[in-house]
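Colleague: I'm new to this one. Can you walk me through a few of the labels and what backs them up?

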Amino acid sequence: MANIIEVKVPQLSESVSEATLLTWNKQVGDAVNEGENLIDIETDKVVLELPAIKSGVLVKILKANGAQVGSGEVIAQIDTEAVAQAAVAAPVVAPVAQAPVPTAPAAVSPSARKLAHAHDVDAASLQGSGRKGLVTKEDVLGAVQVTPANPIAASLPVGAALAANNIRQQAGSYNPQAPSDDRPEQRVPMTRIRQRIAERLLQSQQNSAILTTFNEVNMQPVIELRNKYKDAFEKKHGVKLGFSSFFVRAAVLALQKFPIVNASVDGTDIIYHGFFDIGMAIGSERGLVVPILRDADKLSLADIEKRIADFATRAKEGKLTMEELSGGTFSITNGGVFGSMLSTPIINPPQSAILGIHATKDRPVAENGQVVIRPMNYLALSYDHRIIDGREAVQFLVAIKEALEFPGRVLLDL
């Protein structure tokens, strides 16, 4: 006797109204194990894996690849009583009016599966280099060959290549609309995450009175401290001592001194937050994401480094949760990792300020009447001038500068 359970879209956050189904990993009639990922679901913030809640046989798929779905919507059915028969023969299932669903091997990571699909690579035939033979994105990249027939698509980012592949599937073939063969063009739709990023950036520009103030900080004290203790730090805590934890701790100290910078606007009210949830902007192939360091004032340098490293890894794999990407009272973005010397970061609404960090470079500076070379970093604070005056913004940035130039304050919470 069949025991049918429904596969439902998980509860999305309040700010997410719908999501997109990417690629089913199982076909109708396939056996599934409890906890096995059935399909990836893309929202405007993150890509979620939808695991099977029970073992059984997938007997019906109600929503095909690319379908738009909402929270709690039923997208498939599993027969839990068909587990024993799954190895012998798949149950007969009434045909469903939907597009064919491709099968992806279980031992392929989500990012590798998307990349393989975009470049028409059979991921199942690859030798996985990951844990327990998992096929990784790097394995797929190693198998991709750039051909003269499509040199542009092969050089596109993963998200763009996926979109271009969808266009080719829908149109049968892709012909660049260009005046000549040596001036090709390619129209690629934005991913849902990229659309959301664009929407929020415009919202920030239109709804905030953004102003940016700058300062410079001598990073030599932090560099010397890091060089002195980095080996012992890594040996004890199992994570490298970077610079991000110093910037986070310095920002928290400054926010404690100037709580208005940690506040947000709600209509005609100012909301002062009695906690410090710091968003760390991380660039990934899917776009910019800002996971949150909750209660950053209670975290040690080691805790901060571990969480940032974990965020960076899972951002590349598309495994950050919506809870980790929601909220935040203040943000930090580090364009210096890409070589940026100076920028004016855009506020992440509903926050009221964001700190921009840039590349540390040796520059001539004046000290005690002498010109010396020091590793200098330009800091930028973009803030909402509706509630933060220039005085508070400048003093806030000076507080960060002083904390970094005297890192004992960061360690001793002074």
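Modeller: Start with D40, which stands opposite E49 in strand 5. This is a predicted model, where local features need pLDDT of at least 70, side-chain atom pairs count only at pLDDT 80 or more, and totals for chains, interfaces and linings use all residues. Residues are numbered from 1 along each chain as its sequence is written, and side-chain values use heavy atoms, with hydrogens and water left out.

Colleague: How do you know that strand 4 and strand 5 pair?

Modeller: Two strands pair if DSSP finds at least two bridges between them. Strand 4 (residues 37-42) and strand 5 share five bridges, in the antiparallel sense, so by that rule they pair. Strands themselves are DSSP runs of E, at least two residues long, and helices are runs of H or I, at least four, both numbered from the N terminus.

Colleague: What makes strand 5 and strand 7 edge strands?

Modeller: The open sheet runs 5-4-2-7. Strand 5 (47-51) and strand 7 (68-69) each pair on one side only.

Colleague: Why is D384 called buried, and D231 exposed?

Modeller: Buried means under 20% relative accessible area, exposed over 50%, partly exposed in between (1.4 Å probe, protein chains only). D384 has 1%, so it counts as buried; D231, in helix 7, has 57%, so it counts as exposed.

Colleague: What makes the D384–R386 pair a polar contact?

Modeller: That takes N or O atoms within 3.5 Å; within protein, one must be able to donate a hydrogen and the other to accept it, and residues adjacent in sequence count only if both atoms are side-chain atoms. The side chains of D384 and R386 are at 2.7 Å, so the distance fits.
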